[in-house]
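Colleague: I am new to this structure, and I would like to go through some of the words used to describe it. Could we look at it together?

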Amino acid sequence: MELTAKDKIKIILDRRNMTLTQLANATGQSRQNMSNKMSRNNFTEQDLQQIAAALNCTFNATFKMNDTGEEL
């Protein structure tokens, strides 16, 4: 089973001993807004970049063309 973005964020929050409220504050969002995004698992690429920065992580989003192996 593949982990969703929400699952990965929860794991990292736990490992960083951070709460969702702290993450929301670190990304300049309300806790309610962050909670809504988590419950819907609905994040933009920009959201994920901000979350990664707040969690001291690197976020990489790429597309890999299966026929050529080219990554964009």
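**What the terms rest on**

Modeller: Lys37 makes a side-chain polar contact with the side chain of Asp47 at 2.9 Å. This is a predicted model, in which local features need pLDDT of at least 70 and side-chain atom pairs count only at pLDDT 80 or more, while totals for chains, interfaces and linings use all residues. Residues are numbered from 1 along each chain as its sequence is written, and side-chain values use heavy atoms, with hydrogens and water left out.

Colleague: What makes the pair Lys37 and Asp47 a polar contact?

Modeller: The term asks for a pair of N or O atoms within 3.5 Å, and within protein one must be able to donate a hydrogen and the other to accept it, while residues adjacent in sequence count only if both atoms are side-chain atoms. The side chains of Lys37 and Asp47 are 2.9 Å apart in this contact, so the pair meets the distance limit.

Colleague: Why is Lys37 called buried?

Modeller: Buried means under 20% relative accessible area, exposed over 50%, and partly exposed in between, with a 1.4 Å probe and protein chains only. Lys37 has 13%, and therefore counts as buried.

Colleague: Why does Leu3 count as partly exposed?

Modeller: Leu3 has a relative accessibility of 39%, which falls between the two limits, so partly exposed is the term for Leu3.

Colleague: What does Leu3 touch, leaving aside its neighbours within four places in sequence?

Modeller: Leu3 is in contact (heavy atoms within 4.5 Å) with Lys8 and Ile11.
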